[in-house]
Structure formats: C-alpha cells, structure tokens
Amino acid sequence: MHGLKFNQDLCCRCNTQACLTECKFIDIDNVTAQKEILKIARGENSFVLHECVTCYACEEYCPYNNHPFYLIVERQEAFGITPQPAPLVKRAINLSIPFRGEPEIKEINGPVINLGAFSQLKNKIKGRLFDGLSIISSDERKMFHYFCQLMYLHYGKISLIKERLPNVISTIAKHKPTEVICFHDECFGAYTSFCNAFGISVPFRPVHLFEYLFNRLLKLRDLIKPLNIKVAYQRPCSSRLCPDKHLYVNRIFELIGAMPVKRQFSDKNALCCGLTIQGQKKEGSRKKALEIQRKNIEDIEISGAEVCVFNCPACFDTLGIKLKERNITPILMSDLCRISIGEISFNDIKMSG
Amino acid sequence: MDSIYKALCDIVGHEYCSNLPEEIYIYSFDLGTAEPKKPDYVVSPRKVEEIQKIVLLARDKNIPIVPLGGGLSLAGLAVPQKGGIVMDLKRMDSILEVNERARYALIECGVSQGQLISYLKKHHPSLTHSEPGAPPAATIAGNIMIHGQGDLAHPYGFSSDMVLGLEVVLPSGDVIRIGSCALGAGWFTIHPLPDIGLFLGWSGTTGIITKLSIKLFPAKKIRGTGTFVVEDEELIPEIIYKITHTQIPEDIIVYSRAIPPFAKGLHHITVNVAADSEKELEFKQELIWDDTLGEYIKNDLGGYLGFTKDIERPQISKTSDYKKGGGFEYVGGIMPIHTYPQCYRRGREISEKHDIPYTVTARIIGLAHSMMFAWTYAFNRADQETIKKAREALHETDDLVIELGGVIWKPGIYGQRLIMDRLHRETKELMKKIKTLIDPLGIMNPGNWELL
C-alpha cells in the first residue's frame, strides 16, 4: 500500500505550528499545537483527531507542504475515529461503487475534461470555452468509474482512496488523453497533491479548470465584455490541496471585469460550506454547520456581492438556495466566464434555477 | 354496424367511442404484470348524464363496464377481465369549486394530480392536497378509490380519509350523493349522516364515482425534506415512534434498495417538514434531528444527511430502470410499523431469490397507526421470463403480507382472492349481499372482488 511522504523532523523544526494554530475550528496555542501534531506523527492519539472537522485547510497552512491533513486522516483511520456516524460512513463507501457496467472507453488522443462524479452537469460544458474538448464521465450511470474518491478524507477512510484511486486513474488513462482538465478542485487535488503525497503514479497531465478557463479566456479576449459586478468566491475544501491554483480565481475575475469584494472569510480564511460538518458525530454538529453558514453568508451579504461564484457543485447545492434567499446569485465559475463572452446571460442562470 | 357501438356513439359522439383494434389494444393492459385482456369498446364520457346512459346500456345488454382513471394502479384493476366497455373518465376533468376558508375542493372524477397541484399553486397558494407522488396523470379519484396515501398521510391518514362528499352513478343508473351534499348543502363534510360508504376500495365494482369533495390543508411557505440514515432495521419502529411523537412531519418515508449501491443495506428515513418562517423551520428541525434523533447520532447508530428545501416525491418508478426494459410493479401492504424489520428482510429474500435488485419503501400513515410497505420488482417488458419472475415475486409477497399480519393494498386478482379466502365469514356474507343488492347483474368491473 502506498505510504504517506511525511517528514516528522519538519514538524520538530517548525516554529509556526500553523497547521493547527490557524485552524478555524480548533482553538489551540502554539505549545499545545506542537505537542499534539508530534503525538499524531508518532502514531499516538490526540484530541485533534476527534475535533477535526475535515476542512482540509491545514494542508495549505503547513509551510513545508508536509501533508498534516493526510496524516490526521491516516491516524483517524488507525484509531477508528470516524468523524461521521457509522451509517453515513457505510453509505459513503457504497456511494461510489460503479453498478451499471463498464465505461465505454474511446481513445481520445487529445485534451479531455473529466466531470468525475458530476456527470449531471455535462450541459455546463458548452460553447467556445470548451471547444475541442472531449468529455469523459458524461454518463451519470457510469460516472463513478471516474470519481477521484478523495471524498473519503471526510470519513476517516484514506485507505479506501489508496485502494480505489489507481483503478480510476487507469480508466482515465485508457482514453489516452493528452491532458485532463479536472472539472472539480477535488479531482485535481487527487491527481496532484494526493498522488504525490502517496507516490501514486499518474500517467496523464491534470489541469485545473480555472487555469484552463483563464487560458481559454485569454484566447477569446476580444469577445469579453467586462461584467462590472461585485463577486464573492466560495472556496471549496479541496482547493486547499492546490493553493497555487487558487490564484486563478482573481486572475479570471480581473480578465472578465468582475470585482471581487473584500471579505472576512475568503482565501486562507475561507469557511467550509458546512456540508460535511452537519452530519458529523459530535454533538451539535448540525447547529454548528448552520452557524458557519450563517457567518459565511452574512459576510458575503455585508461585502455587497451580487454574485457568489463556485467551483464545487456540492458547495453550490449546500449554499445556493440560502444565497438566493438573500438575492445573491450563486453561479459556477464556468458559467460566469460564459456570460463574460456573451454566450449566456445572468437571466439564463436565474431562470435555470 | 355493431349496435352497442352505435349506441355508445350516440351517447358520447364518434370521437369519444372506439372499437378499433389499435385503441382496444391500448386499453387491454396497464403498466404492471397483469395479463392483458381486451375490452370490446372504449368510451370517454364528459357528463354525468352520459355515464348514466352508458351504464343503463351496459345493464340492458348485460355487458361489463370498467371505470378507468389514470390507469396507473399497476395492479391491473382497470384491465377488463371479462371484456365489455372500458369507460375512460379523463374527460371529466373540471375543478368545480375550491372553498378557501372551509379548505375543500369539489372536483370531477377525471381531475389529475398534476392538474390540481398546478391549479392550487396558481389560484390558492395557501392550500394543498395530499399528493401521492404518483405520475401527474394519476387521478385524484383513482387514488382515493384505492385507499391511496399522499404526502400528508402522516398527520391525516389515507387519502380516502380526506373525502368530504361523493356523487356516484350506481349500476342501476341512479345518481346518489353522500355527505352534506346529499342535503343540498355544501360539500364540506361526509359526517354525521348514517354511513353508506360503499364505493371506496371496491375497485369500481359498486358504482362510478363522478364527483368528489376532498380536504385541503395549509400549504406552508417552506416545505423541505431531511434525511436520516440507519443500518439496523430493528431500530426503525422505535425511531418512527419517536419522530411521530413530535407530531411535526408532514410525511415520513423509509426506503432501502440494492441499487444505487449507496442505499444497499441502509434505511433512509426522509422526513418532510413545512414552516412559514425560518424560525418555525429551525424550531421543528431542532426537535426532530437534535432532540429526538440526537441520541442515535451520538451512539453511532444513525446519521443526519441534511435538509433540502424541496420535496422529492417517492420515486419508486426509478426502480423500473434497474433492469433493461423499464417495467416495475409493487405489492403494497398496509402493515403495523413493528413489522418493518421482517418486511425488509423477507422482501430482500424474495427479491434475491428471483434475481431482482431489492427495493422496499414504507410510508407512515396517521401518526404511525400503520404504514404502507411497498416491495417493488423490476422487469423487462420485452422479456416474458423476467415478467414471469416478477409476477411470482409479487404473488409471494402478497402471501407475505398476509403472513405478517398485514392487509394487501390495492390487491390485484391474486391478492383479492387471498383476502377473500381469509375474510371473516359474516363479513364476506355482508359484502356479497351489498354487491348483489347494488349490482345484481354483476356488470361492474367483473373479475374483481368476485364474492359469489
């Protein structure tokens, strides 16, 4: 089984303990933080393993890219500390079992976009931004053959990712893609951060959706009409696995004339959408998730944003209706880009619900 | 020309009467596994007077008459077992009155679920009816006739418990009324007159309901569904008992199914909650998910999956996609809640024996006085072998309902026989007398509830 590349010495030398001290959900001082992360590194139990809400953020906070979050999840699994109750864990494990036969493999020999487990959004892959791209995972019945499995980080089941991910990679590779544009941050994080951390080889070049959109927009620059709207961005947990790609959010906004608002909870300080927290085993989790959502949405509202942009469809589903109730339009980044080149309008988005 | 055909055409017009093979064929089957039986004529009346004339003609010629609503019972209840006239009632589709303050709707028998939903949404947004989650073309009257249940079954019971008045054409051709409407008053109550409710649950063997008044209920501004998941089926009866004690939910459904895999071996309890404000909604949610079910979460026995602000109707029909060919039928048993674990386990056994992915669904009725437990079997319409397997599974399930102390809901012919074999002798005798009195020639949907 693939082992985690984790260097305990880096934690001993670290004088920030940012992995834990910057955590939005655990209140901890530097001294305790160092003690606890070293306990975890040594394979000892720690209250952190029980308190962790699995927001992924410590992967970004760590100044040495030492993978504290993957370590925490490994230890959670070793101690049988599953953040979610057993029935939800079983449900999640079953969720991504393919059940409608094998995928139809066509050799593409060109760039592809992988929708992962969001095949139902294939109608979003339209227009000039996606010219020349083939879609893999466009069949809802077979999408779990393309599902990156990283979701199990929320369930204390890292072994399942290590077990299933190589098969998924192999399925994608059979299409002979020259590059794989990942529709969701999580897939990109899986094929870059996670696979690097565990020494899983990836025989194709993953490309982050935002990087791809930015480059396409550069080519379509003449078509762009500045949007002149105030936008907020809901950063998903998996963005923490590829913080260098987070830069593309503002680059795209700049290019299409969207004005990012100043917020308390953005970038490094972004708040989880609450989806994974609401069902956790710890008492009060549902209310905790509601409180996080309230703070997050109020922050967006106070900032004056007219639109809230998403990468993650799960965040979109979780917060979308609540945002609409406050007259803030939720929208996927790809749709926002299509509006900027005149392919669709905000009304289309509002009408489509 | 066939004299009966000509007479029917004289009553409803040529456009609404047929004996053409291609149209007869369409009316010879429903979407379940019942063997097709061809009618001789199909007729679609628009007025009560036309129905009266058709009934008198059928009586005069001594030929069967089979009333048909949406034709979506799946149990073959409107398949003309002995030929005759299928009376398609879909043209009787007027919504005659909605009384906002007394919260009732007076409708004709062909009004569909979809029609009433959209009408209320447009004209009376503060009112709703108990909507069964059937296809929109299913009729209100059909659902009530079979003692169906809708998404307000938890607080208010069976759809037939929501009837406030009926107009019925008897096999004699007479038109009768039941309830306050029989006094020429409004259609607001079925009580307190002597009970002559002889038409619900009889599968159209005692008369043709032409008008009905049904209860409407407050439609709250926010309606949504929360889901709770448990693995141990033995926990379901006590969890349902506790949730129903809150008296908060509008609807409670429990389901488990082999496909998609996320649901296999797990029990998803979906709870519909309605409120007029966020404050009211959160108050209700706190009582259900935190105060009532919190202990199961804490003990690792159950998990809260979230709440969405829309109503996902029961989607049993999705099962039809599990096997190539898109067919499905289910046995619904009206069961005591405590039998849930056995219903689930035995249902899985039957499905697995017949190589059909299992699907079971329970809807809680009337504060857990009972539940409608549905065992669904998918088949390929183009493959007789899979239809045969599904039919066998359905019959075994009918037997199971009886064995577990339940009552088969909207039974097909096989299930009706099982029930009649076990009916209390004097009860059966009374039913025979009633049937003979009302329909002495036995022209009404013969083959169903044949007691003689």
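Axes are taken as lines fitted to C-alpha atoms, for helices over the stretch in contact, and the angles between their N-to-C directions run from 0 to 180 degrees. In the predicted model, helix H8 of chain B (residues 278-292) lies across three strands, E12 (222-230), E14 (267-275) and E15, and runs at about 150° to E14(B).

These strands belong to an open sheet of eight strands in chain B, ordered E15-E12-E14-E13-E17-E18-E16-E19 and paired in the antiparallel sense. Because strand E15 (302-308) and strand E19 (407-409) of chain B stand at the edges with a single partner strand each, one side of each is left without a neighbour in the sheet. On average, neighbouring strands of the sheet are turned by 25° against each other, direction ignored. Within the sheet, strands E17 (residues 359-365) and E18 (residues 370-380) of chain B form an antiparallel pair over seven bridges, and Val360(B) is placed opposite Trp375(B) of E18(B).

The largest nonpolar core comprises 227 residues, of which Ile252(A), Ile54(B) and Met87(B) touch the most other members. The greatest contribution to this core comes from E18(B), with eight residues. When residues up to four places away in sequence are not counted, the contacts of Ile54(B) are Leu8(B), Ile11(B), Val43(B), Pro45(B), Ile65(B), Ile85(B) and Met87(B).

The contact between the chains involves 17 residues from chain A and 21 residues from chain B. On the side of chain B that touches chain A, at least two residues are supplied by each of E12, H8, helix H9 (294-298) and E15. Edge strand E15(B) gives the most to that side, with five residues. By character, the residues of this side of chain B comprise eleven nonpolar, four polar and six charged.

Key. Residues numbered from 1 in each chain as written. Chains lettered and ligands numbered in written order. Predicted model: local features only at pLDDT ≥ 70, side-chain atom pairs only at ≥ 80, totals over all residues. Pairing = 2+ DSSP bridges. Helix = DSSP H or I, 4+ residues; strand = E, 2+ residues; numbered from the N terminus. Contact = placed C-beta atoms within 7 Å. Core = buried A, V, L, I, M, F, W, Y, C linked by C-beta atoms within 7 Å. Buried ≥ 20, exposed ≤ 12 C-beta atoms within 10 Å, placed from the backbone. Nonpolar A, V, L, I, M, F, W, Y, C, P; charged D, E, K, R; others polar.
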